[in-house]
Amino acid sequence: MAGERETADTAGTAGTAGTVEATDIVLGKQDLREVTAFAAACAQEVLALVEADRPDDARPREAIDAAREFAGGGERGKRLRDTAWAALKAAKEADTAPAQEAARAAMAAAGAAYLHPLAKATQVKHILGAAAHAARAAELAAGDDRDVGAECVERAARRATRAVVDVLDRYPAAPAGGGRVGELIRELDARLRP
């Protein structure tokens with residue numbers, strides 16, 4: 001019943017003493033691993049854009065590697081957080097808009113492991129943010145060609161496993177706002193939901 005507390009596996013991030021509110025999402029560590037693997041694969045697609053811009057900057061690659069490590073059974077901890085923040089700094093230091101978005105995709109890949117079990121539309125960004133930033137990076141690299149972004153969204157939709165879609169379906173639809181990246185998140189969100 002609404003308002004009652006239930007025991008659930010929430011990867012230790014919601015409620016107190018292993019409980020969640022009925023409005024919270026049941027989210028296990030394997031769910032987080034599936035979402036993070038998807039996000040890392042999406043970010044990998046545009047990693048070359050940031051590496052071409054800043055060949056000596058390993059921070060975006062390290063964020064994707066940390067995401068893959070977690071997705072493959074590693075711990076969700078300091079390495080993920082540190083590499084996500086470092087990739088965000090790399091985005092701010094990149095010289096071109098495509099490289100900035102590619103580094104943000106890497107940051108979002110590491111950050112995907114921190115999807116919260118809260119029934120809030122903003123959490124969809126943790127699931128689809130890496131794919132959206134990657135699509136934006138690709139379209140900017142192609143002269144702001146939105147057809148390229150649409151192709152990236154379609155590839156991400158095909159890449160999403162049933163497990164990723166199942167996690168997405170537990171959350172409300174993606175929120176409004178967020179500029180072009182927000183539009184891409186909503187496009188992918190609509191494409192993945194039945």
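In this predicted model, Arg-79 pairs with Glu-69 in a salt bridge, with 3.3 Å between the closest N and O atoms. Arg-79 sits in helix H4 (residues 78-93) and Glu-69 in helix H3 (residues 59-71), so this pair ties together parts ten residues apart in sequence. The structure holds 21 salt bridges. The points below cover charged pairs, a shared network, one loop residue, aromatic rings and the largest pocket.

**The H3 and H4 pair**

- Arg-79 is partly exposed, at a relative accessible area of 38%.
- Glu-69 also counts as partly exposed, because its relative accessibility of 43% falls between the 20% and 50% cut-offs.

**Salt bridges within helix H9**

- Glu-183 and Arg-180 join their side chains in a salt bridge, at 2.9 Å from N to O.
- Both residues belong to helix H9 (residues 179-192). They stand three residues apart, about one turn of the helix.
- Arg-180 also meets the side chain of Glu-187 in a salt bridge, at 3.3 Å from N to O.
- Arg-180 counts as buried, with 12% relative accessibility.
- Its two partners named here are partly exposed: Glu-183 has 32% relative accessibility, and Glu-187 has a relative accessible area of 34%.

**The wider network**

- Which residues do salt bridges with shared partners join into one network? They are Arg-136, Glu-139, Asp-144, Arg-146, Arg-180, Glu-183 and Glu-187.
- Arg-136 is placed in helix H6 (residues 124-141).
- Is Arg-136 buried or exposed? Arg-136 counts as buried, because its relative accessibility is 14% and the cut-off for buried is under 20%.
- Neighbours within four places in sequence aside, Arg-136 is in contact with Glu-101, Asp-144, Arg-180, Val-181 and Leu-184.
- Two of those contacts, Asp-144 and Arg-180, are also members of the network.

**Asp-144 in its loop**

- Where is Asp-144 found? Asp-144 lies in the loop between H6 and helix H7 (146-159).
- The phi angle of Asp-144 is near 65 degrees. That is a positive value in a residue other than glycine.
- Asp-144 is partly exposed, and its relative accessible area is 37%.
- Asp-144 is a member of the salt-bridge network and a contact of Arg-136.

**Aromatic rings**

- How many aromatic pairs does the structure hold? The number is zero.
- One ring has a charge above it: Arg-33 lies over the face of Phe-70, at 4.7 Å from the ring centre.
- Phe-70 falls within the residue range of helix H3, 59-71.

**The largest pocket**

- The largest pocket has about 190 Å³ of space.
- Its lining consists of Met-107, Ala-108, Gly-111, Ala-112, Lys-125, His-126, Gly-129, His-133, Gly-178, Val-181, Gly-182 and Ile-185.
- Which helices each supply at least two residues of the lining? They are helix H5 (97-111), H6 and H9.
- H6 gives the most to this lining, with four residues.
- Val-181 links two of these topics: this residue lines the largest pocket and is in contact with Arg-136.
- H6 and H9 also recur: both supply the pocket lining, H6 holds Arg-136, and H9 holds Glu-183 and Arg-180.

Note on methods: Residues numbered from 1 in each chain as written. Predicted model: local features only at pLDDT ≥ 70, side-chain atom pairs only at ≥ 80, totals over all residues. Heavy atoms only, no water. Salt bridge = Lys/Arg side-chain N within 4 Å of Asp/Glu carboxyl O. Buried < 20%, exposed > 50% of the residue type's maximum accessible area, 1.4 Å probe, protein only. Contact = heavy atoms within 4.5 Å. Phe/Tyr/Trp six-rings, centres within 6.5 Å; stacked < 30°, edge-to-face > 60°. Lys NZ or Arg CZ within 6 Å of the ring centre and 35° of its normal. 1 Å grid on protein atoms, 1.4 Å probe; cavity = no way out; pocket = protein on both sides within 12 Å on 5 of 7 lines; lining within 4 Å. Points joined across faces, edges and corners; volume = space filled by probe spheres on them.
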